[in-house]
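Hi,

Here is the structure I said I would pass on. Have a look at it, and then read my notes below.

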Amino acid sequence: MATRYWIAALPVADDNVAAGKTALWARLQDAISRHSFDTPLYRFTVPDLRPGTLDSLLALSDDLVKSNIFIEGVSHKIRRQIEDLERAGGVEPGTLTVDGVPVDSYLTRFVWDEGKYPVNAPLKETVASIQSQVAKIEDDMKVRVAEYGNVKSQLGTINRKQTGSLAVRDLSNLIKPEDMVTSEHLVTLLSIVPKYSQKDWLSSYESLDTFVVPRSSKKLYEDNEYALYTVTLFAKVVDNFKVHAREKGFQIRDFEYSPEAQESRKQELEKLLQDQEVMRTSLLQWCYASYSEVFSSWMHFSAVRVFVESILRYGLPARFLSVVLAPSTKSEKKVRNILEGLCGNANSYWRSEDDVGMAAGLGGETESHPYVSFTINFV
């Protein structure tokens, strides 16, 4: 599937517009098949919209490019969010659809939804309706993504506590009940020893205070930076032992073994994991539906844009043939020449430098052509 398409509109010279479109379409098909046979070509049917006055079209055209950038941007944001959510869930990327058909098929078989956008409505109202719908979806997405991100952030904090350095991580899943001694007089402390200072710890911990139980230190865990050791001593000298340990570069972590607290943390983690998956699935389904809505709105907007630019370029009444093409990079120049050739001498004044600037001002592409043309990028 191509991810980049051109929408173009060529002038119809025949006063019989229907016959002129048919003849021009046949000439375009023939030229493409002979000179750029690998370029997909489709009709892009734009209904007879209500053009309004020239002043209203000029005013509307000033906003068309900016509006297109906004709508296209929202479409891409949702698409990227879908890719992120599918990747996070280990899901194979699916085919995105619009109204039940693949996105490329929706574009190449575009049909105006008159029930949603009445053709007799002023173009300004139609564009405003499209912008409002897309803006509402974007705002909704921000809220939903923020909620999902909050759960992910909480999980990230818990994971960092469980997998980070021994100096800061949660130690509860590293400690067994038998590792801790707690009695009326004795207590077990946990010492974080720099990895390359373990010999120093083992040779000195008993002398850090008089009331340390000999040979009571045991290594429980080691990471890339530190080792975790226990040490048992009399409760009355804990504060003094901590001071001497800190002077030697050893960190005594405050820790109270509690099976209840450990079980509570485990349940909290499981709930967050469940919440994250529920929210991921819900957000993904919302993104699928919203992408369909935004893409459909974008194509209707593109139809309005073709109509407005064609009227401003070719005049009234509306006499133009609009098409969709997907040329490869190597075929672009050939296709441009074909489209330009089919314009004949009509509107050749657009080639002058002054009128090229005018064409860009009417919502055209940065590169001006003697026909209406703009690009649709799916990604």
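**What I found: strands and helices**

Alanine 9 stands opposite serine 322 in strand S9. I start there since that pair belongs to a sheet worth tracing by eye. One thing to keep in mind throughout is that this is a predicted model.

Alanine 9 pairs across to S9, so let's stay with its strand, S1, which covers residues 4–11. S1 is mostly covered, with seven of its eight residues buried. On one side, six bridges link S1 to S9 (residues 320–325), and the two run antiparallel. S1 also has six bridges to strand S10 (residues 372–377), again in an antiparallel arrangement. If you want a landmark for that second pairing, take tryptophan 6, whose bridge partner in S10 is threonine 375.

Zooming out, these strands sit in an open sheet of four, ordered S2-S9-S1-S10, with antiparallel pairing. Which strands stand at the edges? They are S2 (41–43) and S10; each has a single partner strand, so one side of each has no neighbour in the sheet. On average, and ignoring direction, neighbouring strands here are turned by 25° against each other. As a reminder, strands of a sheet pair through backbone hydrogen bonds, either parallel or antiparallel.

The sheet has a helix to go with it. Helix H7 (residues 259–314) lies across S1, S9 and S10, and runs at about 165° to S10.

H7 also leads us to the helix packing. It packs with helix H4 at an angle of about 160°, and the two axes are 9 Å apart. Angles over 145 degrees count as roughly antiparallel, and H4 and H7 are therefore roughly antiparallel to each other. Their crossing is left-handed. Sorted by class, the contact of H4 with H7 has 22 nonpolar, eight polar and eight charged residues.

H4 (residues 123–163) has a contact with helix H2 (residues 54–88) as well: their axes come within 10 Å and cross at roughly 30°. How do these two run relative to each other, parallel or antiparallel? The cut-off for roughly parallel is under 35 degrees, and H2 and H4 are therefore roughly parallel. The crossing of H2 and H4 is left-handed. To find the contact on screen, look on the H2 side for residues including Leu57, Phe70, Ile71, Val74 and Leu85. On the H4 side, the residues include Val127, Ile130, Val134, Met141 and Tyr148. Lys77 of H2 and Glu138 of H4 are also among the residues making this contact. Overall, the residues of the contact divide into 17 nonpolar, three polar and three charged.

One more group of strands to look at is the one around S7 (residues 226–234). S7 is mostly covered, with seven of its nine residues buried. Nine bridges join S7 to strand S5 (residues 186–194), and that pair runs antiparallel. Within it, valine 193 stands opposite alanine 227 of S7. S7 is also joined to strand S6 (residues 218–222) by four bridges, antiparallel too. There, lysine 218 has threonine 230 of S7 as its bridge partner. Finally, S6 and S7 form a hairpin, with three residues between them.

If you are opening the model for the first time, I would start from S1, which is joined to both S9 and S10, and then follow H7 across those strands.

Cheers

Note on methods
Residues are numbered from 1 along each chain as its sequence is written. This is a predicted model: local features need pLDDT of at least 70, side-chain atom pairs count only at pLDDT 80 or more; totals for chains, interfaces and linings use all residues. Side-chain values use heavy atoms; hydrogens and water are left out. Axes are lines fitted to C-alpha atoms, for helices over the stretch in contact, and angles run from 0 to 180 degrees between N-to-C directions. Angles under 35 degrees count as roughly parallel, over 145 as roughly antiparallel, 65 to 115 as roughly perpendicular and the rest as oblique. A crossing is left-handed if the near helix is turned anticlockwise from the far one by less than a right angle, and right-handed if clockwise. Contact means heavy atoms within 4.5 Å. Ala, Val, Leu, Ile, Met, Phe, Trp, Tyr, Cys and Pro count as nonpolar, Asp, Glu, Lys and Arg as charged, and the others, Gly among them, as polar. Buried means under 20% relative accessible area, exposed over 50%, partly exposed in between (1.4 Å probe, protein chains only). Two strands pair if DSSP finds at least two bridges between them.
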